[in-house]
Amino acid sequence: EADTALHRVKETGRNALILFAHEMHQAVAEHYALEQDLRRALAQGELRLYLQAKVDAHGEVWGAEALLRWQHPTRGWVSPGQFIPIAEDSGLIVTVGAWVLDQACELIAREAERGRVLRIAVNVSPRQFLQSDLVGHIRQTLSRTGIDPRCLTLEITEGLLLKGTADVLARMEELATMGLRFSIDDFGTGYSSLAYLKRLPLHELKIDQSFVRDVPRDGNDVAVIEAIVSIAHHMGFKVVAEGVESAEQQAFLIAQGCDYFQGFLHHRPEPATQWLERVGLARPPAGV
Ligand code: C2E
Ligand code: MG
Ligand code: MG
Ligand code: MG
């Protein structure tokens with residue numbers, strides 16, 4: 001009887017292993033297929049730039065965040081949460097990221113020609129920041145488009161700050177000297193130390209939406225937000241709250257002293273040109 005039981009366990013184990021190997025194979029094949037598709041996506045114009053407004057406490061649009069969208073010919077919309085990690089792994093992020101930066105700068109330039117100030121924040125992933133000739137590329141793009149560099153913010157994550165500190169710092173200093181702004185995205189969700197905050201040329205912290213979701217009910221989230229706002233303001237940074245969906249959250253965040261707000265309550269991400277037709281932007285000389 002013990003033998004049959006043992007036999008059964010072995011069988012189950014083997015089946016589980018086969019199932020596991022099969023699922024692994026599926027995942028790898030899926031990853032590879034998406035990577036191949038992404039390679040062609042840029043050339044075939046399947047990537048789109050969306051913008052989501054960043055508003056102030058009065059609901060005035062201060063700027064926007066650029067968010068990538070991929071309309072795949074057969075899969076439909078693929079979310080950046082799915083394809084950005086693949087782009088990172090494969091190194092495609094360098095090309096994809098350069099495309100996003102160029103698009104953003106061209107939009108800023110086009111609006112400037114219409115006499116409007118458009119500020120755009122672009123997400124820059126760790127590999128893009130470290131592997132590409134980011135500084136050279138941005139320098140070229142700025143001179144080609146002639147935009148005010150203060151209109152361009154780079155959103156980086158704590159993950160980057162864990163990578164190559166000296167190199168990261170040097171690049172950030174160079175870009176900040178050129179006039180670009182830096183924002184820490186998803187602030188509070190990474191594992192980096194707070195010590196970097198005083199060493200890096202930062203302008204802004206973005207409170208991750210996981211902390212915003214349950215305020216004002218969740219006392220722990222309230223404490224985290226209070227702490228972030230306090231640290232940021234003492235260090236001279238602006239604070240953006242991400243994922244603001246309700247008027248109640250908004251009221252709480254205003255009372256906490258957050259400077260800017262992003263979320264479905266205000267605007268959903270929208271195709272860039274469509275968004276720009278609809279939204280009111282400041283005209284110079286309103287300070288950049
Ligand atoms: P993120 O930079 O933190 O962007 C914020 C995400 O929150 C966006 O998701 C946005 O659509 C979503 N969001 C905005 N308001 C709300 C809200 O009120 N409620 C909820 N539940 N969500 C909201 P999305 O567009 O799917 O992008 C996901 C992530 O993909 C981004 O997170 C960013 O890390 C990455 N990503 C997007 N575009 C790019 C890009 O051009 N380059 C790089 N490197 N990463 C990108
Ligand atoms: Mg972001
Ligand atoms: Mg974020
Ligand atoms: Mg995120």
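1. A word to start with: donors here are N, O and S atoms within 2.8 Å of the metal, and water is not among the atoms, so sites may look incomplete. With that in hand, the donors of the magnesium ion (ligand 3) can be read along the chain as D-D-x55-E. Please keep in mind that this is a predicted model.

2. Let us stay with that ion for a moment. The magnesium ion (ligand 3) is held by Asp-185 (OD), Asp-186 (OD), Glu-242 (OE) and Glu-242 (OE), at 2.0 to 2.4 Å; Glu-242 is thus listed twice. Asp-186 belongs to strand β6, while Glu-242 is found in the loop between β8 (238-241) and α11 (247-256), so this pair ties together parts that are 56 residues apart in sequence.

3. Now turn to the other metal site. Which residues coordinate the magnesium ion (ligand 2)? They are Glu-65 (OE), Asn-123 (OD1), Glu-155 (OE) and Asp-185 (OD), at 2.0 to 2.2 Å. Along the chain, these donor residues follow the spacing E-x57-N-x31-E-x29-D. Because Glu-65 lies in strand β2 and Glu-155 in strand β5 (residues 152-157), the pair ties together parts that are 90 residues apart in sequence.

4. The two sites share a residue. Asp-185 coordinates both the magnesium ion (ligand 2) and the magnesium ion (ligand 3), and the ions are 4.2 Å apart.

5. Next comes ligand 1, which sits in the largest pocket. It is surrounded by 20 residues, and the closest are Arg-69, Asn-123, Asp-185, Glu-245 and Phe-264. You will recognise Asn-123 and Asp-185 from the site of the magnesium ion (ligand 2).

6. Some polar contacts of ligand 1 are worth a look. One of its oxygen atoms is 2.8 Å from an N or O atom in the side chain of Asp-185, and an oxygen atom of ligand 1 is 2.9 Å from an N or O atom in the side chain of Asn-123. On the nitrogen side, a polar side-chain atom of Gln-209 lies 3.3 Å from a nitrogen atom of ligand 1. Taken alone, ligand 1 exposes 800 Å², and the protein buries 80% of that.

7. Where does the shell around ligand 1 come from? At least two residues each are supplied by β2 (61-72), α2 (80-90) and β6 (181-187). The largest share, four residues, comes from β2. Sorted by class, the shell holds eight nonpolar, six polar and six charged residues.

Note on methods. Residues are numbered from 1 along each chain as its sequence is written. Chains are lettered from A and ligands numbered from 1 in the order in which they are written. This is a predicted model: local features need pLDDT of at least 70, side-chain atom pairs count only at pLDDT 80 or more; totals for chains, interfaces and linings use all residues. Side-chain values use heavy atoms; hydrogens and water are left out. A residue is near a molecule or strand if one of its heavy atoms lies within 4 Å of it. A polar contact is a pair of N or O atoms within 3.5 Å; within protein, one must be able to donate a hydrogen and the other to accept it, and residues adjacent in sequence count only if both atoms are side-chain atoms. Accessible areas come from the Shrake-Rupley method with a 1.4 Å probe; for residues, only the protein chains shown count as cover. On a 1 Å grid over the protein atoms alone, a cavity is a set of points where a 1.4 Å probe fits but cannot get out, and a pocket is an open set with protein on both sides within 12 Å along at least five of seven lines; lining residues have an atom within 4 Å of a point. A molecule sits in a cavity or pocket if more than half of its atoms lie within 2 Å of its grid points. Ala, Val, Leu, Ile, Met, Phe, Trp, Tyr, Cys and Pro count as nonpolar, Asp, Glu, Lys and Arg as charged, and the others, Gly among them, as polar. Donors are N, O and S atoms within 2.8 Å of the metal (3.2 Å for Na, K and Ca); water is not among the atoms, so sites may look incomplete.
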